[in-house]
Structure formats: structure tokens, C-alpha cells
Amino acid sequence: MKENQLHELLFLDPVCTHNIWGGTRLREEFGYPVEGDGIGECWGISAHPEGDGTVRSGSFQGEKLSGLWDKHPELFGNLPYDRYPLLTKIIDAQDDLSIQVHPDDAYAQVYENGSLGKTECWFICDCAEDAAIVIGHNARTKEELEEMVRQGKWTELIREIPIHKGDFLQIDPGTVHAIKAHTLILETQQNSAITYRLYDYDRLQNGKSRELHIDKSLDVITVPAKSAQESVKSANGLPENELNQIYACGKYTIFKLDVNGNASFEQKYPFLAASVLEGAGTMNGAEVRKGDHFIIPCGFGKVEGNGNMSLILSTVES
Ligand code: ZN
């Protein structure tokens, strides 16, 4: 195949996981064919060994995303990464998740066998009227943080802020964070799984508490935390039928696209990883609906959306 000639959307069959805190919305609302309850995560666009998506149709039907990345780097703009750099998940939390923090690349390189660190961000697809999320903490100094952690002053330490449907939150490495019950989010993250568990609400699982990583957490938590105000912004009310950039950092760029009628834009990025979060319509003639995940490859040309639907898209800097 010649470079930059694929005018085909790469639809992916995702990998879903069962988790004690998961629900049934990923099957019932998003249509993923998963048995049982407690479906916590849909790894919608993932080349991670623990959940490698498969191309659903077309020229590359049956290929894993990791394989496609290796064999056809031109589809992703020939980026200088050794693996597909992102991981897009939908998470359905029906219970509170444990409170965590991630290291940055430099710390993970030294203390986690050369792994990448983890930067991630959340788009709130749905939550209760008076919902909150854990982001940041209230310690003013490293000493105060250590004292609060060692003495178990969790309610004093942990900061919760109100959230609403359509909010966007950036979780830099070193940010204490957790999703609370009855929240549905789309997470875009670096392709890494290094997580330190700081606090698990003193819960027991099969009679035992889950392992905590207190020392590593204390090493990496940023003090003081970013202000509550700086930690969340609304992605509501953006212009319809336009590719709206809502966030960019060195690890990824995130867009929101609300199609109402016709939307068209040029694919000028190394790739665009797209997830349909609401509604239905067509993309360049292909039918799409809530729950679909696809990659718009490099050099695709003009992207044309039709219908009534809401998408989150991501890419990386070339
Ligand atoms: Zn996280």
C-alpha cells in the first residue's frame, strides 16, 4: 500500500473487562456483547497486551491494533513510538473506585523497569445530579501529606469536587484521583498501566484488604495539588459540527465533535481515534452509533459526519 492512501475508517471490536465495581450499562446502553454483570471497562481503542482491539471489517479485518501499528505505521503517520501510544476506555463505575495516583515517565523509568508513566484524562459521559469525583488533596506541604497519610486522616486529606455531565478533567501524574459510584466516563490515557493505590476506603475483598502502595504514592504525589477550579472544565456548549480541541498536552490532544446535521473537516493529524458516546449517524457513508470506536487513518482526507451524535477524538503530536 502506498503511503497516505487509505480512505477507510478502521472500526475496532473492543475488549471489555469484568470488575467488582462495574455495572451493566456497557452492554445495555452501549451494546457490547458481554455476558454477566459487573462490566467495568470497555477498552475501545487499545493495543495493550491485556486488551488488544481487533479490526471489525474492511481491508484489515481480523488484525489486532498492535499488529496494525507494527505492520502499517503509515496509517498512523509513521510516528516515532514503539507502540500505539494511547488507550481509550469507557468506564462504568457502580461503586467507588480505590483512590490512586500515577508516576510520571521519569519515575516509572527508574522504579518500574523502564515503563512509561501515566497521564490520563476523563470526559464525564454521565453522572448523577449531585455527583462528585476525587481529584487532588488538601495537604499544603510534603510533611503534612505524609502525616495525614500515616495517621489515616483520609476525610481531611482527600478532596472531592462536584462534577456534571460534559465535564473534562486532566489527571497529570502525581494527581490523587478516583471515580465515585454511578459515574460513566470516557478515559484517554497513555498506553501504560502503572498505578499506585493510596486508599481503598478500608474495604475488604474476600476478607482481605487490597494492597496499598503508600511509599510510592508519597514519592509521586504533587504538593500542593492543583486548585479545585483548575482541575475541571466544562466541554458543553461548544460549536456544533466542528472538531473542537478541548485539551492538549505533550501526551495527547483531545477533541469533541457534536454532529447535528452535517459536519466536515480535514484529517490533518497523524491519526484520529474516535468514540461515539451518544446518538447515531454516518461517517463518510458508514453507519455509526453510540458505542462505536474507530480510527481515522493518516491522509484520510475529508471527514464527513451526518446525523445526530456526540464523539470524543484523540491524537498525539507528530
Ligand atoms: Zn488513573
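**A zinc site and its strands**

Trainee: In this predicted model, which protein donors does the zinc ion have, and how far from it do they lie?

Mentor: In this predicted model, the donor atoms come from His102 (NE2), from Glu120, which is listed twice through OE, and from His177 (NE2). Their distances from the zinc ion are 2.1 to 2.7 Å.

Trainee: Why is the arrangement of the four donor atoms around the zinc ion irregular?

Mentor: Four donors count as tetrahedral if all angles lie between 85 and 135 degrees. The four donor atoms here subtend angles that begin at 51 and reach 130°, and therefore the arrangement is irregular, with angles of 51 to 130°.

Trainee: How many residues apart are glutamate 120 and histidine 177, and which strands hold them?

Mentor: The donor residues follow the spacing H-x17-E-x56-H in sequence. Glutamate 120 belongs to strand 9 (residues 120-127) and histidine 177 to strand 13 (residues 177-178), so that the pair links distant parts of the chain, 57 residues apart.

Trainee: Which strands stand at the edges of the open sheet of seven strands?

Mentor: The order of this open sheet is 2-3-7-14-9-12-16, with antiparallel pairing. Each edge strand has a single partner strand, so one side of it is left without a neighbour in the sheet, and these strands are strand 2 (15-23) and strand 16 (233-234).

Trainee: Which residue in strand 16 stands opposite phenylalanine 168?

Mentor: Strand 12 (residues 167-171) runs antiparallel to strand 16, and two bridges join them. Opposite phenylalanine 168, in strand 16, stands lysine 233.

Key
Residues are numbered from 1 along each chain as its sequence is written. This is a predicted model: local features need pLDDT of at least 70, side-chain atom pairs count only at pLDDT 80 or more; totals for chains, interfaces and linings use all residues. Side-chain values use heavy atoms; hydrogens and water are left out. Two strands pair if DSSP finds at least two bridges between them. Helices (H or I, at least four residues) and strands (E, at least two) are DSSP runs, numbered from the N terminus. Donors are N, O and S atoms within 2.8 Å of the metal (3.2 Å for Na, K and Ca); water is not among the atoms, so sites may look incomplete. Four donors count as tetrahedral if all angles lie between 85 and 135 degrees; four count as square planar and six as octahedral if opposite donors are over 155 degrees apart and all others between 65 and 115; anything else is irregular.
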